[in-house]
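Here are my notes on this model, point by point. Please read them with the structure open.

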Amino acid sequence: MFKKLFPYEYVKSVFSVDFEKLRALGFRAAVFDIDNTLVFQDEDATKEVEEFFEKLHALGFKTAVLSNNGEERVRRFLKNIDVPYVCKAYKPFKRGYRKVLSLLGVKGEECVFVGDQLFTDILGANRSGVPSILVSYIKKDGAKPQLRRKLEERVLKKYKKGAEFHNRLGGIEKQ
């Protein structure tokens, strides 16, 4: 039952993923959640995030954003980043994942999805046949974790015990 909630990889942040290794493994696209994955909740893209997308494009990756946020939020985030997006994706339902794959012109197995939430991002990617990468969510000092995060911690304990689910992309965290 929990298998659909288990990511293919679990890393510290989007910046610790070895995208060169993923490219060498045949991946052609990367799709990202925004809030608490690339930036803290509701913040604009930072210079670091903008440069990150530029580096991915230089490596030959097609990129996109898949978000449950509305159009205004997504467009504000992407102000200086030229990538396709799907907003109001209703993750974990498959529709948004299928739409973003179509926009990028790739198959699920040619793409990775990177997000911070098990019950939306990872579950939706796994259900859609897209290998998933879970990142530790970005948090601010003093912010209290939501109930959802406490439930995710319980699932992650099971994930950590099931070694057969770890590093299914070959260990893609930079050393």
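1. A definition comes before the pocket: helices here are DSSP runs of H or I with at least four residues, numbered from the N terminus. The model is a predicted one.

2. Start with the second largest pocket. Its space comes to about 240 Å³. The lining counts 13 residues. Nearest the centre are Phe 15, Val 17, Phe 52, Lys 55 and Lys 174.

3. Which helix gives the most to this lining? Helix 2 does, with five residues. Helix 1 (19-24) and helix 2 (47-58) each put in at least two.

4. Chemically, the lining of the second largest pocket splits into two groups. Seven residues are nonpolar and six are charged. Polar residues are absent from the lining.

5. Now the sheet. Six strands form an open sheet with parallel pairing. Their order is 1-6-5-2-3-4. Strand 1 (9-11) and strand 4 (85-86) are the edge strands; each has a single partner, so one side of each lacks a neighbour in the sheet.

6. Look next at strand 2 (residues 29-32) and strand 5 (residues 111-115). They run parallel, joined by four bridges. Ala 29 sits opposite Cys 111 of strand 5.

7. Two helices deserve a check against the sheet. Helix 2 lies across strand 2 and strand 3 (62-66), and runs at about 140° to strand 3. Helix 4 (residues 94-104) packs on the sheet as well, touching strand 2, strand 3, strand 4 and strand 5. The direction of helix 4 makes about 155° with that of strand 3.

8. Is Glu 110 buried or exposed? Glu 110 belongs to the loop between helix 4 and strand 5. Its relative accessibility is 18%, and the cut-off for buried is under 20%, so Glu 110 counts as buried. Beyond its neighbours within four places in sequence, Glu 110 is in contact with Phe 27, Arg 28 and Ala 29. Ala 29 is the residue that stands opposite Cys 111 in strand 5.

9. Leu 103 is a residue of helix 4. At 47% relative accessibility, Leu 103 counts as partly exposed. Setting aside neighbours within four places in sequence, Leu 103 is in contact with Pro 84, Tyr 85 and Val 86. Leu 103 and Ala 64 are 39 residues apart in sequence, and their C-alpha atoms are 8.6 Å apart in space.

Methods. Residues are numbered from 1 along each chain as its sequence is written. This is a predicted model: local features need pLDDT of at least 70, side-chain atom pairs count only at pLDDT 80 or more; totals for chains, interfaces and linings use all residues. Side-chain values use heavy atoms; hydrogens and water are left out. On a 1 Å grid over the protein atoms alone, a cavity is a set of points where a 1.4 Å probe fits but cannot get out, and a pocket is an open set with protein on both sides within 12 Å along at least five of seven lines; lining residues have an atom within 4 Å of a point. Grid points are joined across faces, edges and corners, and a volume is the space filled by probe spheres set on the points. Ala, Val, Leu, Ile, Met, Phe, Trp, Tyr, Cys and Pro count as nonpolar, Asp, Glu, Lys and Arg as charged, and the others, Gly among them, as polar. Two strands pair if DSSP finds at least two bridges between them. Contact means heavy atoms within 4.5 Å. Axes are lines fitted to C-alpha atoms, for helices over the stretch in contact, and angles run from 0 to 180 degrees between N-to-C directions. Buried means under 20% relative accessible area, exposed over 50%, partly exposed in between (1.4 Å probe, protein chains only).
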